Each structure stands twice: as C-alpha cells, then as structure tokens.
Amino acid sequence: MKYYSTNKTISGVSLKDAVVKGLAEDKGLFMPEQIKQLPPSFFDTIINMSFQEIALAVAEAFFGEDVENEALKNIVYDTLSFDVPLVHVKDNIYSLELFHGPTLAFKDVGARFMSRLLRYFIQKEGEKNVNVLVATSGDTGSAVANGFLGVEGIHVFVLYPKGLVSPIQECQFTTLGQNITALEIDGTFDDCQRLVKTAFADKELNSSLKLTSANSINVARFLPQAFYYFYAYAQLRAIHPKLTQEELEMVICVPSGNFGNITAGLFAKEMGLPVKRFIAANNRNDIFLQYLKTGQYQPRPSVPTIANAMDVGDPSNFARILDLYHGSHEKISSLISGVSYTDEEISDTIQKCYQETGYLLDPHGACGYRALSQTLTNNENGIFLETAHPAKFLDTVEKIIGEKIEIPVKLQEFMKGEKQIISLKNDFESFKNFLLSAALENKD
Ligand SMILES: *Cc1c(COP(=O)(O)O)cnc(C)c1O
C-alpha cells in the first residue's frame, strides 16, 4: 500500500518510508491510498473472534502488502498483550477500558505497534541510529518510551511541557534511562509539538541525523488504534445477542486532543464498522467544536485543564479528517458532533458517576461519559473510550471524590525510579544543538 500526504504534493510513499519519516516533507500527514472494506463474513463471525484475531484482520487490510504474514501476526499479537474490556457503567452506556496496557493509557496500543513495526524495518534493512522524536502532553511520552525501551538501533527523545504533566506521567518516561532521553521544555505542549515539526523540516538536522516521529501523526501509531473499535463492537454484539447490526445503533464518544484516536475510529467506519455516529469530547480546548459550528478551523494556543492530555490548540489529525471527507464540513458535521466541558463540569461528572454507579472515571473519560449521558437516545448504545486509568491523575481524582484510590502495581513501579531530566528553553536552536550533540554521543 502506498501513502500520500494530506498536503497533496507527495504521493506513492512506501509504508516503511511513511513510518520512518513520520511527517511528509511538505509537512502534510501520510494517508493510505486505500481504505479496504472488511467483508460481511468478518462482521458475521466477529463475536467469536479474539481481540488479537480481530486486530490481525484489520492490520492485514492496511499492512498486509508490506509486512510478511508471520511478522505482522507477531507484531499484532505482541502489541496486544493485554485486554480492552467493554464495561457496563449505567443504562445504555459502556466504557471501553483502554488502560490495561503497561503505561495504563490507550496510547500503549499505537506506541507498541509502532515500535515493533519500526524494529522490523530497521532489522530488515540493517539500519542503525534512528532517532525517534516525540512531543507529549502526558501519555504519549510514556507509551512511546516504554514501547521502545531497550530496542537496539533506536534512541527516543521525549519532549514535554515543564510542570504541565502529572507527576506520575512524568515518572513514566523520565525514570527509564537506557535509550530514552526526557527533555523538559519551558513551554506548552503545542510548543513541544512545534519543535518536533520544525526539526523534521530542518535540512541540516535531517542530513546529519535519521529522525522519525512517534506522535499520533505517524501512520504506524495511528492506524492500529482502529483495532479496538472493532473489538468494542464485537463485545457490544455479545452483550446484545438479539439485536441486529442496525438495531445496535452504536454511538462512539472519543475524548479528543490531537484527534488521532477518533480519526482511527472514522477509518474503522470507512472499513465497514457500523457506527451510527461519533462524538468528539473536548475540554475547554474546543477548536474542533468551533469548526463544527462555524466551518472555520481556527487553531489557538491551548489552555491548561484537568484533562491535560487533551490540552491541544491545533489538533494535528484534523488534516486527516478533512482529507478523508474531502474538506466537506457538511459530511464531517453529519458524522461527528462535538462537546466541550469546563474543569468544573469534568469534576462534577467524575463525582456524580462515582456516587451513582461506583465507576471511577478519569478526567478524559469523564468528558466522554458526560457527552453520552447528555445526548444518547433510548434506542442507542453508547460507548465512550476510557483513555487512561484514573490513578494516572491521582491528586485530581482523589480531591474530587474525597477518597484515596488504589494505585495499580504497574504505576507504583514507575514511581520508584530516579528521574533523569534535561531542561531546554522553548527555542528551536537550543533543541537542534542538543540533538546534534546527543546524536554524536549515541553513535560512539
Ligand atoms: C492522548 C490522550 C487523549 C487524546 O487522544 P488524541 O488521539 O490525541 O485525540 C485523551 N485521553 C488521554 C488520557 C490521552 O492520553
């Protein structure tokens, strides 16, 4: 399968090049030339398939031409070493718990897949010294760092906004050492993302270093996120065995920041997944909601919220959504609706849901749950993506419910390590000089 850029000046790019480059040279995002439909027989038997089997069928549709069967199967099975259960919360609302991976956030799926695919290409071509740059608002950094930890030939640089990620999130990528370097930037997530994007466009840097991005802009991180939408559907069918595909009326609500997760859901729909409609749930950073309302896409600086992984003022994957629907505002707003919640509304939702149902939401999932509880009709079945474990936002969540919560063992382990951090100014020249000198050291 070949990939083209959303900026349309580049096409015919191989999967390997799209994965290694991350972003196209014209600064567009890579898109597959084709989105294959899965056959009706797939949907007829999906209830009886395991998560891995479902994911492999989806992976083959995208990557089957470029990765040998056995290798792809290993990558998929190894990536999905944990479950993504669909849990009933209340009435017709279900939580798709994406936090059972090693860093307890949904980004484990894409990050683990990408690290394995990149390793496959690097080993195949005997490459060395590949530098992965990743900007994080909290969870990407840990998922990517953990996905790549100890992988030979790859060095990961995690850029994160100083003081704007939770202490637990910070531990998950600053305590690893080995081939992982954590860079604390004196700025916001958008600044980190800008530094990474500028690095890819910098000729001198790219002639001296092999750079790749592991942000959700990378196709190898972004496409695998489609896997669990199909698995959610399979589980919902199993819960309602008497309902037909149409009667299921599946509504999917995705807490969104950079819009990679929801875009993967839109791809799943294009592949034939029967989704009635999508909801993009935002915190106060509501650029997408404003686009739906006005037809104008107007990025603005992000504002900090308690759902910090969604503090994004210029969602990268918006370009993919536009491309997918040929820029049609009408089409986009017919498929996706939007909501935006304040910190007070998010807190209120966590507290009420916990009181009423005993289910503990994290601040991101809370946006999803709230949107469903406000807009679902009786016939519909709503699934929100619970994108991280609530304990990742310990102080916030404990304050809201007024109770101590248990910290999963996996998280406790991270908190024991010693942090190793390099602080940089929010300035491209400093970042560039740092990369050039760090890369020299790594080569030795
Ligand atoms: C990254 C993240 C999001 C936003 O996902 P996007 O794909 O960037 O829209 C939501 N919730 C959590 C917990 C995250 O880590």
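**View 1. Aspartate 91 in the loop between strands E3 and E4.** In this predicted model, aspartate 91 is found in the loop that runs between strand E3, residues 86-90, and strand E4, residues 93-97. The backbone angle phi of aspartate 91 is near 45°, which is a positive value in a residue other than glycine. Most residues other than glycine have a negative phi. Aspartate 91 has a relative accessible area of 57% and therefore counts as exposed, since the cut-off for that word is over 50%.

**View 2. Glutamate 249 in the loop between helix H12 and strand E9.** A second positive phi appears here: glutamate 249 has a value of about 40°, although this residue is not a glycine. Glutamate 249 has its place in the loop between helix H12, residues 245-248, and strand E9, residues 250-255. Is glutamate 249 buried, partly exposed or exposed? Its relative accessible area is 22%, so glutamate 249 is described as partly exposed, the class that lies between under 20% for buried and over 50% for exposed.

**View 3. Aspartate 286 and its contact with glutamine 290.** Aspartate 286 is found in the loop between strand E10, residues 275-282, and helix H14, residues 287-294. The side chain of aspartate 286 makes a polar contact with the side chain of glutamine 290, at a distance of 2.8 Å. Because the relative accessibility of aspartate 286 is 10%, and buried means under 20%, aspartate 286 counts as buried.

**View 4. The ligand and the residues around it.** There are 15 residues around the ligand, and of these Lys107, Asp139, Gly257, Asn258 and Thr387 come nearest. The residues of this shell divide into six nonpolar, seven polar and two charged. A polar side-chain atom of lysine 107 lies 2.5 Å from an oxygen atom of the ligand. Backbone atoms also take part in the picture: a polar backbone atom of asparagine 258 is 2.8 Å from an oxygen atom of the ligand, and a polar backbone atom of phenylalanine 259 is 2.8 Å from an oxygen atom of the ligand. Taken alone, the ligand exposes 380 Å², and the protein buries 98% of that area. The space that the ligand takes is the largest cavity.

**View 5. Arginine 221 and alanine 111, far apart in sequence.** Arginine 221 is found in helix H10, residues 219-222, and with a relative accessible area of 1% this residue is buried. Although arginine 221 and alanine 111 are 110 residues apart along the chain, their C-alpha atoms are separated by 5.6 Å.

**View 6. Tyrosine 120 in helix H5, and its separation from tyrosine 233.** Tyrosine 120 has its place in helix H5, which covers residues 107-125. With a relative accessible area of 12%, tyrosine 120 is buried. What separates the C-alpha atoms of tyrosine 120 and tyrosine 233 in space? The two residues are 113 residues apart along the chain, and their C-alpha atoms are separated by 30 Å.

**View 7. Alanine 366 in helix H18, and its separation from glutamine 37.** Alanine 366 lies in helix H18, residues 363-375, and at 1% relative accessibility alanine 366 counts as buried. The C-alpha atoms of alanine 366 and glutamine 37 are separated by 32 Å, and along the chain these two residues are 329 residues apart.

Key: Residues numbered from 1 in each chain as written. Predicted model: local features only at pLDDT ≥ 70, side-chain atom pairs only at ≥ 80, totals over all residues. Heavy atoms only, no water. Near = heavy atom within 4 Å. Polar contact = N/O pair within 3.5 Å; in protein donor to acceptor, adjacent residues only side chain to side chain. Areas by Shrake-Rupley, 256 points an atom, 1.4 Å probe, with all protein chains shown as cover. 1 Å grid on protein atoms, 1.4 Å probe; cavity = no way out; pocket = protein on both sides within 12 Å on 5 of 7 lines; lining within 4 Å. Sits in = over half its atoms within 2 Å of the grid points. Nonpolar A, V, L, I, M, F, W, Y, C, P; charged D, E, K, R; others polar. Helix = DSSP H or I, 4+ residues; strand = E, 2+ residues; numbered from the N terminus. Buried < 20%, exposed > 50% of the residue type's maximum accessible area, 1.4 Å probe, protein only.
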